[in-house]
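Please examine the sequence and the model shown below. The explanation that follows addresses open and enclosed spaces and then a metal site.

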Amino acid sequence: MATIMRTPPVDAGDPNFLRGDPITGDRYYSKEFAQKEWDHMWTRVWHVGGRESQIPETGDYVVHNFLRESVIMVRQANGGIRAFYNSCRHRGNRLTWSSEGSGDFVCSYHGWVYGADGVLKHAQDPDDFEGGDPCGRVSMVEVPCDTWGGFVWYSMDPNAPALLDFLDPIPDLFANRPIKDWVRVIWRQFDVDANWKFTSDNFNESYHLPTVHPQLRANTDEDYKATVFEAYPNGHNRMIELGQPSMRADVPNAVEDVWAGMLQAWDLDPTDFEGRARDGRIALQEQMRKLGSERGFKHYEAYDDNELTDYFHHTLFPNVTLTATFEGMHFFRTEPHPTDPEKCTFDYWAIVPRIEGQDTVMTICGERPMEEAEFEFVPYGSGQPIPDMMDSFLIQDLSVAIGQQAGFHSRGYTDAILSGQESRVRRFHEVLNDYIEGRR
Ligand code: FES
Ligand SMILES: [Fe+2]
């Protein structure tokens, strides 16, 4: 097991942890505020542009559109990846409308051609340019690009901090999970009629679990006194929920069906845990440690005991959540709509380790092949039913976002009244304000 060396969390008990900046409704619907986010935050942070597995060969590229910007990430001959704005240096035409592809970039306006290295290699009438042939002298404009966790990242800030510094300490927290080599078995995007910040708010607290996700209490302890809440200097957070039944059940410490199934899956007899269901967590850890490798779960060998049972939610400032479980990782992300702050896209990716002898995997959308998924756009808007996700926790979260978006417009809402366990919700807004007001 790897030793975790990391930046210590900010002390949330410190009276100076929060300034108390109000979380006003206009932050979720005002175009002026959205413009400030673009000017001072989105153009400075690192963005996830795709998965490395999408671009294995030289010249393979993936395109990420963000608001009105578009960035191309291209695999280079030396194996690295470079990123360029998707705009022709001649007259600004967008070079590609594909989300991924391979080969040179041929401009559809006057035919300029750029190679994988971004350098212009063909121009019509090259002798007709002042200073001579622009080929070899002109390049697509490059932006910082790097990889971590199998994700390709880019920033629109030419002076961006190094990716690992920006992400610190998240890579250390994932030291035991080789997510770089895991497989994206679900690659979905939904449209949601809510501001993008609902996910950052929502995934930074577990206070909503008993109300919004009552089904989770069978195997997730949402008690805030048992939950670890951490905030890091860069604006990232971690929340760890114990993988055991909640004491909020109708009959606390009874073994409900979901928990019984989890115990049985590891050859434990649920009746042994009647009246002491929560003891099953340690028993599960012992069984998973003992039987994991022979069942193909080789990755368990690197996990510490808690990683075998508990739920690790990492919110990466500003808009990515990585939830690591014993089964794999959920990737959640919202991105703002190009013109309407009351809309966003929500990405859900399931990223899992390959298990020897297993060619399918159970996901929140049912059983899926253990292979790289195709992109699926799923219309949701303000609540369109999604047949294969009817009871999923994810749809429960989205439906709340719609109702909250409506409430933010009310003159009856002026600021959040937060419990102590939700302090990272306000902290997120304060970090955002730090960007907007020039403190970061
Ligand atoms: S705009 Fe691209 S070749 Fe003219
Ligand atoms: Fe939720």
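The lining of the second largest pocket in this predicted model comprises ten nonpolar, eleven polar and six charged residues. The volume of this pocket is about 570 Å³. Its lining consists of 27 residues, and those closest to the centre are V63, H64, N65, Q189 and F375. Two or more lining residues come from each of the strands β1 (46-51), β2 (60-66), β12 (183-192), β17 (329-336) and β18 (344-352). Strand β2 makes the greatest contribution, with five residues. Where does the second largest pocket lie with respect to domain 1 and domain 2? Residues of domain 1 (46-159) and of domain 2 (181-243 + 310-436) both take part in the lining, and the pocket therefore lies between the two domains.

Enclosed spaces are considered next. Rolling a probe the size of a water molecule over the atoms reveals where empty space remains. In this structure there are two cavities of 30 Å³ or more. The largest cavity has a volume of about 70 Å³, and 13 residues line it, with S200, N204, T315, L316 and P318 the closest to its centre. Helix α4 (197-202) and strands β15 (311-316) and β16 (320-324) each give two or more residues to this lining. By class, the lining of the largest cavity contains five nonpolar and eight polar residues, and no charged ones.

The second largest cavity has a volume of about 30 Å³. Its lining is formed by R217, A218, P245, S246, A249, A254, E256 and W259. Five of the lining residues of the second largest cavity are nonpolar, one is polar and two are charged.

The metal site remains to be described. Which residues coordinate the iron ion (ligand 2)? The donors are NE2 of H208, NE2 of H213 and two OD atoms of D397, at 2.1 to 2.5 Å. Along the chain, these donors follow the spacing H-x4-H-x183-D. H213 and D397 thus bring together distant parts of the chain, 184 residues apart: H213 belongs to the loop between α5 (209-212) and β13 (228-231), whereas D397 belongs to helix α8 (residues 393-407). The angles among the four donor atoms run from 57 to 148°, and the site of the iron ion (ligand 2) is irregular.

Are H213 and D397 buried or exposed? Residues count as buried under 20% relative accessible area. H213 is buried because its relative accessibility is 3%, and D397 is likewise buried, because its relative accessible area is 5%.

Key
Residues numbered from 1 in each chain as written. Chains lettered and ligands numbered in written order. Predicted model: local features only at pLDDT ≥ 70, side-chain atom pairs only at ≥ 80, totals over all residues. Heavy atoms only, no water. Donors = N, O, S within 2.8 Å, 3.2 Å for Na, K, Ca; no water. Tetrahedral: all angles 85-135°; square planar, octahedral: opposite > 155°, others 65-115°. Helix = DSSP H or I, 4+ residues; strand = E, 2+ residues; numbered from the N terminus. Buried < 20%, exposed > 50% of the residue type's maximum accessible area, 1.4 Å probe, protein only. 1 Å grid on protein atoms, 1.4 Å probe; cavity = no way out; pocket = protein on both sides within 12 Å on 5 of 7 lines; lining within 4 Å. Points joined across faces, edges and corners; volume = space filled by probe spheres on them. Nonpolar A, V, L, I, M, F, W, Y, C, P; charged D, E, K, R; others polar. Domains from an automatic or database assignment.
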